[in-house]
Amino acid sequence: MDLSKYFSSIPNKSKFNESHLLACGDSLELIKTIKDKCIDLIFTDPPYNIGKNFGNNKDSWKSTEDYVSWCKKWIDECFRVLKPNGTFYFMTATQHMPYLDLYVQYY
């Protein structure tokens, strides 16, 4: 698989074969290595900011504003790498969806 058509550099700790890539790391940093407009489908399910304990840490943000600000950063990157005819699905907690729904309407 020629990953150079998708990535400016192959992320460290990556495992790949002819049909998929598994990369481990900070998602916001990893997506920055993907070239513009080359992805067909994005499905995201980020932390919900509801204080859930995932076994190794508790998911929480200082404020809704901090969470939404972080979401806008990765959403911007998702739209940068998405092909013009690509599809983007994202999940979030009900209380945050109004902020993010309004934000993505401008794309």
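**View A. E77 is buried, with a relative accessible area of 16%.** This close-up, like the others here, comes from a predicted model. E77 belongs to helix α2. Why does E77 count as buried? Its relative accessible area is 16%, and buried means under 20%, so E77 falls on the buried side of that cut-off. Look next for R80, which is partly exposed at 23% relative accessible area. E77 and R80 form a salt bridge whose closest N and O atoms are 2.8 Å apart. A polar contact of 2.8 Å also joins these two side chains. How far apart are E77 and R80 along helix α2? They are three residues apart, so about one helical turn separates them. To complete the picture, add D36: D36, E77 and R80 are linked in a network of salt bridges.

**View B. A salt bridge joins D40 and K83.** Start with the general idea: side chains of opposite charge can pair when their charged atoms come close. In this view, the closest N and O atoms of D40 and K83 are 3.1 Å apart. Which strands hold the two partners? D40 is in strand β3, and K83 is in strand β4, which covers residues 82–90. The two are 43 residues apart in sequence, so the salt bridge ties together parts that are separated by that stretch of chain. Both partners are partly exposed: D40 has a relative accessibility of 48%, and K83 has a relative accessible area of 28%.

**View C. E29 and K32 meet through their side chains in a salt bridge.** The N to O distance for this pair is 3.7 Å. Are E29 and K32 buried or partly exposed? E29 is partly exposed, with a relative accessible area of 46%, and K32 is partly exposed too, at 44%. How many salt bridges does a search of the whole structure find? The search finds four.

**View D. The side chain of T33 has a polar atom 2.6 Å from the backbone oxygen of L30.** Here you can follow a loop, for T33 is found between α1 (27–31) and β3. Is T33 buried or exposed? T33 is buried, with a relative accessible area of 16%.

**View E. Y67 has aromatic partners in W61 and W70.** A pair of aromatic rings is described by the distance of the centres and the angle of the planes. How many aromatic pairs are counted in this structure? The count comes to nine. In one of them, the rings of W61 and Y67 have centres 5.5 Å apart and planes at 70 degrees, so this pair is edge-to-face. Y67 also pairs with W70, and this pair is tilted: the centres are 6.0 Å apart, with 40 degrees between the planes. Y67 and W70 share helix α2 (residues 64–81), where they sit three residues apart, about one turn of the helix. Y67 is buried at 0% relative accessible area, while W61 is partly exposed at 28% and W70 is partly exposed at 22%. Zoom out a little and you can trace one aromatic cluster formed by W61, Y67, W70, W74, F79, F88, F90, Y103 and Y107.

**View F. C71 and C78 are two buried cysteines.** C71 counts as buried at 0% relative accessibility, and C78 is buried with a relative accessible area of 4%. A disulfide is a covalent bond between the sulfur atoms of two cysteines. How many disulfides are counted here? The count comes to zero.

**View G. L41, F43, Y89 and M91 make a nonpolar surface patch.** The area of this patch is about 440 Å². One of its members, L41, lies in strand β3 (residues 39–44). Is L41 buried or exposed? L41 is exposed, with a relative accessible area of 52%.

Methods
Residues numbered from 1 in each chain as written. Predicted model: local features only at pLDDT ≥ 70, side-chain atom pairs only at ≥ 80, totals over all residues. Heavy atoms only, no water. Patch = residues over 30% accessible without salt bridge, like charges linked within 9 Å, V, L, I, M, F, W, Y side chains within 5 Å. Areas by Shrake-Rupley, 256 points an atom, 1.4 Å probe, with all protein chains shown as cover. Helix = DSSP H or I, 4+ residues; strand = E, 2+ residues; numbered from the N terminus. Buried < 20%, exposed > 50% of the residue type's maximum accessible area, 1.4 Å probe, protein only. Polar contact = N/O pair within 3.5 Å; in protein donor to acceptor, adjacent residues only side chain to side chain. Phe/Tyr/Trp six-rings, centres within 6.5 Å; stacked < 30°, edge-to-face > 60°. Disulfide = S-S within 2.5 Å.
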